[in-house]
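Let's take a walk through this fold, one neighbourhood at a time. Keep the viewer open and follow along.

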Amino acid sequence: MLPKEIVHNTIALDTKPSASIHCSWTIGNNETQTSRTVVVFLNGLMAYKSSWLPVMAGIIRKHKPTGFPSLLAYDRYGQGMTEERDPQDQGREKGYGHDLTDVVIDLQQLLVQFTRGQLHLKLEDLRLVLVGNSIGCAIARLYAQTYPGSVSALLLLDSMMANSNFDWWPNPDAEGFDPKELPADVSIEVLREQRRKFAAMFAPSAINKESLDRRNAAELLPKSDGPMLIGPGGSSPLVTVVGHDGMRFAEESLNVRTYLQEIAFSQRRVGF
């Protein structure tokens, strides 16, 4: 059960009043510098706001006696509990709507309204910490780049490589490919199928549920180590990058997939 301090509600951006964004937040619980800090959680493509709720609950329970910061998680347009689509996607190429720049602009507007409406403070008077997962890391980087001096710290979890086309697997149809280099239990047919599945999910041109157009991600963030980010007062923000061990990540992915399949089967059985 989640702590009562976590509030669930929607916010309609003043810039896009026809659609609301579903958010979960808690307000810092003391008058110290901690309460003037806002930690914002940024989703990946397939892990929604709900995946951050246990993290928020853990922070509240652990730091309740001494004070915890304000926390905010949200589902982008067309994602998770935000069922409404981005209004500006209308008239655009099917499957390709808003891009990362649009997401960053929406995030800025959301933060302005959240801090003003819920914290009764100006955004520029607060310490802003961005926590991203997967493509949420690219959003965090682009936000800090677009609004220099605004972000005090970034925590990047299993960050995506924005400047990659994700064509990592050997191409069996490329000139000079040697089938003898494949492991004994991997055939050319298996390799082709893996390349197809991987591209369908991760390639920048792959269509996703929220119609987030990633085809220009490499242009927006062409380097993994630049440009230099500027934090408050002209200093660099604190940046922490965390990644899974490859084998462990594969094991967890299989476990999660099995777990989700079991949930889906249970829901079908009870008629949900």
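Start at Leu212, which sits in the loop between α4 and α5 (217–220). Helices here are DSSP runs of H or I with at least four residues, strands are runs of E with at least two, and both are numbered from the N terminus. This is a predicted model, so to speak of local features pLDDT has to be at least 70, and side-chain atom pairs count only at pLDDT 80 or more, while totals for chains, interfaces and linings use all residues. Residues are numbered from 1 along each chain as its sequence is written, and side-chain values use heavy atoms, with hydrogens and water left out.

Is Leu212 buried or exposed? Leu212 is buried, with a relative accessible area of 1%. The cut-offs are under 20% relative accessible area for buried and over 50% for exposed, with partly exposed in between (1.4 Å probe, protein chains only). Setting aside neighbours within four places in sequence, Leu212 is in contact with Leu45, His98, Asp99, Leu100, Val103 and Ile135, where contact means heavy atoms within 4.5 Å. Now look across to Gly233: it is 21 residues from Leu212 in sequence, yet the two C-alpha atoms are 33 Å apart in space.

Next, find Ser224 in the loop between α5 and β7. Ser224 counts as exposed, at 63% relative accessibility. Not counting residues up to four places away in sequence, Ser224 touches Arg141 and Asn163. Val7 is 217 residues away along the chain, and its C-alpha atom is separated from that of Ser224 by 36 Å.

Back to buried residues, with Asp106 in helix α2 (residues 100–119). Asp106 counts as buried because its relative accessibility is 9%. What does Asp106 contact, leaving aside its neighbours within four places in sequence? The partners are Leu13, Lys16, Tyr77 and Asp86.

Now for the strands. Strand β5 (residues 127–133) runs parallel to strand β6 (residues 153–157), and five bridges join them. Two strands are said to pair if DSSP finds at least two bridges between them. Val131 stands opposite Leu155 in β6. On to strand β7 (residues 238–242), which pairs with β6 in the parallel sense, also over five bridges. Leu155 has a bridge partner in β7 too, namely Thr240.

Helix α3 (residues 135–146) joins the picture here: β5, α3 and β6 make a right-handed β-α-β unit. To check the hand, point the strands away from you; the crossover is right-handed if the path from the first strand over the helix to the second runs clockwise.

Time for the rings. How many aromatic pairs does the structure hold? There are eight aromatic pairs. Rings of Phe, Tyr and Trp (its six-membered ring) pair if their centres lie within 6.5 Å; planes under 30 degrees apart count as stacked, over 60 as edge-to-face and the rest as tilted. One of the pairs is Phe166 with Phe202, which is stacked, at 6.3 Å centre to centre and 25° between the planes. This pair links distant parts of the chain, with Phe166 in the loop between β6 and α4 (188–202), Phe202 in helix α4, and their positions 36 residues apart. Phe166 is buried, with a relative accessible area of 11%, whereas Phe202 is partly exposed at 28%.

Then there is Trp169 with Phe198, an edge-to-face pair at 5.9 Å centre to centre and 80° between the planes. Trp169 lies in the loop between β6 and α4 and Phe198 in helix α4, so this pair ties together parts that are 29 residues apart in sequence. Trp169 is partly exposed, with a relative accessible area of 35%, and Phe198 is buried at 14%. Ring pairs link Phe166, Trp168, Trp169, Phe198 and Phe202 into a cluster.

A last ring to visit is that of Tyr96, with Arg215 lying over its face at 3.7 Å from the ring centre. A charge sits over a ring if NZ of Lys or CZ of Arg is within 6 Å of the ring centre and within 35 degrees of the ring normal.

Finally, the cysteines. The structure holds zero disulfides, a disulfide being a pair of cysteine sulfur atoms within 2.5 Å. Why does Cys23 have no such bond? Its closest cysteine sulfur, in Cys137, is 20 Å away, and that is too far. Cys23 is buried, with a relative accessible area of 0%, and Cys137 is buried with a relative accessible area of 0%.
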